[in-house]
Amino acid sequence: MRTWFIMQSLGLDTSLGEMAVQPPVNEPKPGFVFRKSDQAESGHNFHQMITPYGSITLHRADMLKVLTDNLPPFQAFQAHFSKRLVSYEQGSDSVMLQFSDGTSAEADVLVGADGVKSATRATMYRGLAKSAEEYDRNKAGNLRKFVQASWTGTYAYRALIETESLLRDNPGHQAATTPMIYFGENKHVVSYPISRGRVVNLVAFVTIPVGDERDLDGPAVTDVSKQEMTEQYKGWEPEVQTLLNCVDKPSRWAISHMRGLPSYVDGRVALLGDSAHAMATHLGAGAGQAIEDGFVLGQLLSQRLVTRANVSLALRMYDAVRRPFGNGMVERSRKTGFLYEFNELPEFIDKHKLRDSSKVELEKLAKDICKKWEVQWSALPDVEWKLAEKMLRDALDVSSGHDKPIMANL
Ligand SMILES: Cc1cc2nc3c(=O)[nH]c(=O)nc-3n(C[C@H](O)[C@H](O)[C@H](O)COP(=O)(O)OP(=O)(O)OC[C@H]3O[C@@H](n4cnc5c(N)ncnc54)[C@H](O)[C@@H]3O)c2cc1C
């Protein structure tokens, strides 16, 4: 609902709604169905999540098309494609960008929206660590940890399944029409229809116990055999087996995250999206959080008050309002993933009873998970934007028209 609010503010909700499986309606609607599946006999649906608008599930390509179709005409700004940032250097009033093709460019501001392997974040935190080295080696060591995202210990097998072929072999399979989360110990499977119901998106997760304490061994993304994926779910119920059997060519993604980044900005440089707060996928919130960053940062940078001279102050406001929320979502997503896989359970839930498919215990688990999801609709992102705007105005002392020193607490 938070992201949908931004899409509505941009006037994109109608076009996006046309791409969704069902036109979104602002009333409580069914979202994911929870089902226990890591046993040979048929499982049972144990909870139906209800959310405002329900699940608005879209194919990423459909969403990108709506976004690019609605960009202002290219005459309004310059775009350069196929450039790969290698590093940057900050001067007193600009940033010099170095690209892999040997070219460079000078900018007033750099917004690094360059994903989980962000070269912007790597440059920022190598630089901060180097500066700290001179006075505090421990601090420098800590800062260096943020150069790269770390593995969550979870792999995700991904595939798209033609709904027609799923139903041809398995008439009435509920994954064809219903967003599903199939629960099991150390593993879970998520599926939901996309592309107006023509395709089912499948993401099957496997967590290596204490894998998050290890470095990733092997490629982050790779094509794998269908057999590698199906073997992981041997002994699971028929509904999951039949779904996995429809997969043709799965790929395996190592899920990484960036926990507790101490700042999203340094001077004239800001991090946005996965570069700042890459998160496990368990709340389906990573892209939404990137959009929220853009919503706040874009409005801050478009304020008349913000000039080349004071832009780093505006970036600090962005950091002050977005970092607590973004970093909070990283932790919340991590914890939610543990719950789908019966790990790190709260004291009031008995793991042995979950293993035995106790309806009472599964319902307690479902309630706990739904509480984690509620952050997605309990408040709207304009709360942070209004706070950032107020802080900016206070800091720039709009009434007197003079810049105040940067707020001491930022
Ligand atoms: C299996 C899986 C399932 C997911 N499911 C969901 C979901 O259901 N809902 C959701 O909200 N999120 C989901 N996510 C998370 C979502 O994909 C990310 O959070 C989102 O894509 C982040 O957007 P971004 O723009 O920050 O980074 P990205 O989408 O990674 O984009 C970064 C861009 O920067 C470019 N780039 C990288 N390095 C450089 C460089 N050096 N110079 C120039 N350009 C560069 C890349 O080519 C890319 O175009 C999922 C992720 C995974 C792995």
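This short talk covers one buried serine and one cavity in a predicted model.

Ground rules first. The model is predicted, so local features need pLDDT of at least 70 and side-chain atom pairs pLDDT 80 or more, while totals for chains, interfaces and linings use all residues. Residues are numbered from 1 along each chain as its sequence is written, and side-chain values use heavy atoms, without hydrogens or water.

Start with Ser 94. It sits in the loop between strand 3 (85–90) and strand 4 (95–99); strands are DSSP E runs of at least two residues, helices H or I runs of at least four, numbered from the N terminus. Buried or exposed? Ser 94 counts as buried because its relative accessibility is 7%; the cut-off is under 20%, with a 1.4 Å probe and protein chains only. Its side chain makes a polar contact of 2.8 Å with the side chain of Glu 106. That term means an N or O pair within 3.5 Å, one able to donate a hydrogen and the other to accept it; sequence neighbours count only if both atoms are side-chain atoms. Leaving out residues up to four places away in sequence, Ser 94 touches Glu 89, Glu 106, Ala 107, Arg 268 and Arg 308, with heavy atoms within 4.5 Å.

Now the cavity. A cavity is a set of points on a 1 Å grid over the protein atoms alone where a 1.4 Å probe fits but cannot get out; lining residues have an atom within 4 Å of a point. One cavity reaches 30 Å³ or more. The largest has a volume of about 100 Å³, the space filled by probe spheres set on the points. Its lining includes Thr 152, His 257, Arg 334 and Glu 341. Strand 7 (150–162) and helix 11 (311–340) each give two or more residues. Helix 11 gives the largest share, three residues.

Methods. Buried means under 20% relative accessible area, exposed over 50%, partly exposed in between (1.4 Å probe, protein chains only). On a 1 Å grid over the protein atoms alone, a cavity is a set of points where a 1.4 Å probe fits but cannot get out, and a pocket is an open set with protein on both sides within 12 Å along at least five of seven lines; lining residues have an atom within 4 Å of a point.
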